[in-house]
Amino acid sequence: MKNFSKATKFCRRLTKALLMAIAVIFLFVTANLLYVNYKNVENPNFTEGDLKVIMIDVENGDCFLLLQDDEVFLVDTGFFLTYPKVNRVLEENNVKKIDHLVITHPHRDHAGGIFGLLLKYRVDNIYMSDSVKNMKMSLQDALFYFPMSAMINYNDIFAKNIKQVENFQFSNSKVEFLGPPEKNYTKMNNYSLVFKVIYGKRSILFTGDMECLVERELLNAGVDVSADILKIGHHGSNTSTSKEFFEAVNPNYAIVSCGNGKNNNYGHPVERIMRYLKESQIPLYRTDELGDVEFEITGSSIRMIQEAGDYKTGRQLLEEINELKLTQKM
């Protein structure tokens with residue numbers, strides 16, 4: 001009985017401590033959201049009409065910063081643990097608030113940084129498909145989705161910033177949503193928001209982690225996916241960027257966000273996609289080789305800041321890193 005009494009007291013103390021911790025976190029989050037959403041901040045002029053794009057190196061995740069005039073557009077937020085990289089780029093560019101945020105789909109490598117972002121920056125408009133809540137999620141997906149969704153919805157109490165997914169104007173650029181089709185899917189990747197950012201005669205196609213199934217559905221529906229710059233789907237995975245889709249986009253440049261060898265056990269990008277790009281002589285810009293990738297669009301031309309990367313697969317880069325380590329040990 002004495003041991004049972006001790007165990008009961010311990011459980012009560014633990015419960016009390018947990019409730020106090022939850023209360024402290026709740027008060028901290030509430031105070032931060034109130035401060036962030038009600039303070040008066042304005043962005044400086046980032047460009048004189050041109051569209052500046054930075055693909056932030058968040059390893060095997062996605063995060064893109066688009067700047068035009070005094071407006072800021074963020075596509076995805078990377079992992080929870082790579083948010084400091086995102087924040088560094090935002091601070092380096094003197095970003096004070098986010099005008100538009102698109103979460104392509106609620107996977108932790110695309111939306112993990114939302115917690116840190118909302119606690120520091122006012123976000124005026126958030127676009128995220130709610131169709132995904134109807135799917136049967138894995139335990140891993142559910143454990144991320146529901147806290148993330150709760151954070152966004154709680155923030156919406158103060159900001160009123162959750163918007164319908166529909167085309168919108170971003171400074172002098174247009175954002176046109178192309179997919180996904182209004183269907184039910186078994187994989188969360190296929191709920192990825194697919195859209196073009198169009199400035200003048202130039203365009204970028206963002207694909208999230210859309211897989212070949214939805215690529216085929218968009219093509220069969222006659223959707224115009226052509227673009228000057230293609231964001232390679234799903235970090236260059238074999239599940240995405242079919243040859244038919246690649247040919248329909250017919251890009252002049254390709255960009256891909258993936259981890260370097262030591263942070264990339266998936267082998268992204270895969271050989272098939274590298275072959276398409278090499279055979280078509282499409283310059284590839286990749287975070288695993290270049291870090292943050294930056295380019296500018298004037299409306300009639302595109303200027304890439306860095307030299308293009310090569311067409312090695314993620315697996316080849318990993319092998320090179322391992323060989324280098326062995327050489328250094330000798």
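Colleague: Let me start at the end of a helix. Which residue that follows α2 should I look at, and is its phi positive or negative?

Modeller: Look at Asn94, which follows α2 and has a positive phi, near 60 degrees. Keep in mind throughout that this is a predicted model.

Colleague: Now the helix itself. How do I read the pattern of buried residues along it?

Modeller: Start with the geometry: an α-helix has 3.6 residues a turn, so residues three or four places apart point the same way. In α2, which covers residues 83-92, the buried residues are Tyr83, Val86, Asn87, Val89 and Leu90. Viewed along the axis of α2, these buried residues fit within an arc of 160 degrees, so they line one face of the helix.

Colleague: Which residues of α2 are exposed on the other side?

Modeller: Pro84 and Glu92 are exposed there.

Colleague: What do the buried residues of α2 pack against?

Modeller: They pack against three strands, β1 (51-55), β2 (64-68) and β4 (97-98), and against the helix α4 (114-120).

Colleague: β2 is in that list. Are its residues buried or exposed?

Modeller: Five of the five residues of β2 are buried, so the strand is largely enclosed by the rest of the structure. Both of its faces are covered. Phe64, Leu66 and Gln68 are buried on one side, and Leu65 and Leu67 are buried on the other.

Colleague: How does β2 pair with β1, and which residue stands opposite Phe64?

Modeller: β1 and β2 run antiparallel and are joined by five bridges. Met55 is the residue opposite Phe64.

Colleague: And which strand pairs with β2 through Leu67 and Val72?

Modeller: That is β3, residues 71-75, which pairs with β2 in the antiparallel sense, again over five bridges. Leu67 of β2 stands opposite Val72 of β3. The hairpin formed by β2 and β3 has two residues between the strands, and in it Asp69 takes a positive phi near 55 degrees.

Colleague: Next, charged pairs. How many salt bridges does the structure hold?

Modeller: The general idea is that side chains of opposite charge can pair when their charged atoms come close. This structure holds 20 salt bridges. One of them joins the side chains of Arg88 and Glu92, at 3.3 Å from N to O.

Colleague: Where do Arg88 and Glu92 lie relative to each other in α2?

Modeller: They are four residues apart in the helix, so about one helical turn separates them. Glu92 is exposed, with a relative accessible area of 57%, while Arg88 is partly exposed at 33%.

Colleague: What other salt bridge does Arg88 make, with Asp292 as partner, and at what distance?

Modeller: The side chains of Arg88 and Asp292 meet at 3.2 Å, N to O. This pair links distant parts of the chain, 204 residues apart: Arg88 is in helix α2, and Asp292 is in the loop between α9 (287-290) and β16 (293-297). Asp292 is partly exposed, with a relative accessible area of 22%.

Colleague: Which residue forms a salt bridge with Lys183?

Modeller: Glu217 does, with the closest N and O atoms 3.4 Å apart. Here too the pair links distant parts of the chain, 34 residues apart, with Lys183 in the loop between β10 (173-179) and β11 (194-199) and Glu217 in helix α6 (residues 212-220). Lys183 is partly exposed at 44% relative accessibility, whereas Glu217 counts as buried at 17%.

Colleague: Which residues are joined into one network by salt bridges that share partners?

Modeller: Lys97, Asp99, Arg122 and Asp124 are joined in this way.

Methods: Residues numbered from 1 in each chain as written. Predicted model: local features only at pLDDT ≥ 70, side-chain atom pairs only at ≥ 80, totals over all residues. Heavy atoms only, no water. Buried < 20%, exposed > 50% of the residue type's maximum accessible area, 1.4 Å probe, protein only. Arc of directions from axis to C-beta. Contact = heavy atoms within 4.5 Å. Salt bridge = Lys/Arg side-chain N within 4 Å of Asp/Glu carboxyl O. Pairing = 2+ DSSP bridges.
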